[in-house]
Amino acid sequence: YNEIVSIINNQIVANSDALVDNGDGTFTHTAADGTVVTFDIPADVSAVNGLSIDGTSGAVTLGGALTEPTVLTTDATNTLAISGLGAGDAETNQVMSVDPSGVMQTLEVGDLAIEPWLRQSDAEKATENTDDIYIMGKVGIGTNDMLATANPDVMLAVNGAILTTNSIYADYVFEDYFEGRSELNADYNFKSLKDVEQFINENRHLPGITSINGLQKNENGDYLFNLSELSIQVLEKVEELYLHTIEQQRLLESKEEEIRDLRERVERLEKLLLGK
């Protein structure tokens, strides 16, 4: 189709000899600048619709066997007109399409996909894979029931794993705890439980966790937060809790050993006092 449009736009009407039927299913076009292009009409189009050229007007006709053949013409301003476009035995609403392999074919208008994604900048149909896009409906990936028939508020459902990226990971907790500093996060410092308690009393939230006052809100008044950052912050607290728990376990075991020693000493003193 693009080749035919190009030919017409190069003024076949003005030069009827510019397009030549080679008799073998191919056609040769000579442009005004002398450029020669040879192309063919696919069998699934030419066998049904045929192709002919009016030697006087230069009009290209697809569909000579049809009651209303497809005719492509241009006027003096190179405005393209297409009439009688059809395929098969019946005339229907058709468009010309070129598939990824370069084969030209006719498609019914109803078979064309309508792009639902809109550009954020102007709410027009997205045309590039670099466009910032949005959609107002629900999105299901790998699911058509949103995985939540009992929860109609779910807007995004993913039936499978989700991968994301982050510039840091919470292993900096162990680095700082065992080595006294962290190369992964130089700003992090492992706090004792006493320091954590003091921080909570003063700030009313955990250290390292974004407070509610640090969150933005959308137009509905709902809080916005970064899931990747929140996941790292929560993992940081989990690792800290484990380290504090291990410290407390060691302290308990030490106290239990001291209690056993004291019990043994008391028993020996009792024996001495009783003369046993």
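Which residues does E175 touch, not counting residues up to four places away in sequence?

## Surroundings of E175

In this predicted model, E175 touches G180, R181, S182, E183 and L184, when residues up to four places away in sequence are not counted. E175 itself is placed in helix α3, and its C-alpha atom is separated by 9.5 Å from that of F190, a residue 15 positions apart from E175 along the chain. One of the residues that E175 touches, G180, follows just after α3 and takes a positive phi of about 80°.

## The two faces of helix α3

Helix α3 spans residues 172–179, and within this helix Y172, V173 and D176 are buried. These three residues cover an arc of only 110° around the axis, which puts them on the same side of α3. The general geometry of an α-helix is in keeping with such a pattern: with 3.6 residues a turn, residues three or four places apart point the same way.

The buried residues of α3 pack against α5, the helix that runs over residues 227–273. On the face of α3 turned away from this buried side, the exposed residues are F178 and E179.

## Helix α5 and the nonpolar patch

A nonpolar surface patch of about 790 Å² is formed by I212, Y223, F225, L227, L230, V234, V238 and Y242. The element that gives the most to this patch is α5, which supplies five residues.

Among the patch residues is V234, which has its place in helix α5. V234 has a relative accessible area of 43% and is therefore partly exposed, a class that lies between the limits of 20% for buried and 50% for exposed residues.

## The annotated coiled-coil span

An unreviewed UniProt entry carries the annotation "coiled-coil region" for residues 245–272. In the model, the span 245–272 is 100% helix and 0% strand, and its end C-alpha atoms lie 41 Å apart. Helix α5, with its range of 227–273, is also the element against which the buried residues of α3 pack.

## The chain as a whole

The secondary structure of the protein chain comprises five helices and 15 strands. The chain has 276 residues, of which 21% count as buried, and its accessible surface amounts to about 19800 Å², with 52% of that surface belonging to carbon and sulfur atoms. When contacts between residues at least 6 apart in sequence are considered, 29% of them join residues at least 24 apart.

Notes:
Residues numbered from 1 in each chain as written. Predicted model: local features only at pLDDT ≥ 70, side-chain atom pairs only at ≥ 80, totals over all residues. Heavy atoms only, no water. Buried < 20%, exposed > 50% of the residue type's maximum accessible area, 1.4 Å probe, protein only. Helix = DSSP H or I, 4+ residues; strand = E, 2+ residues; numbered from the N terminus. Arc of directions from axis to C-beta. Contact = heavy atoms within 4.5 Å. Patch = residues over 30% accessible without salt bridge, like charges linked within 9 Å, V, L, I, M, F, W, Y side chains within 5 Å. Areas by Shrake-Rupley, 256 points an atom, 1.4 Å probe, with all protein chains shown as cover. Salt bridge = Lys/Arg side-chain N within 4 Å of Asp/Glu carboxyl O. UniProt positions renumbered as here; feature names shortened; annotations may be inferred.
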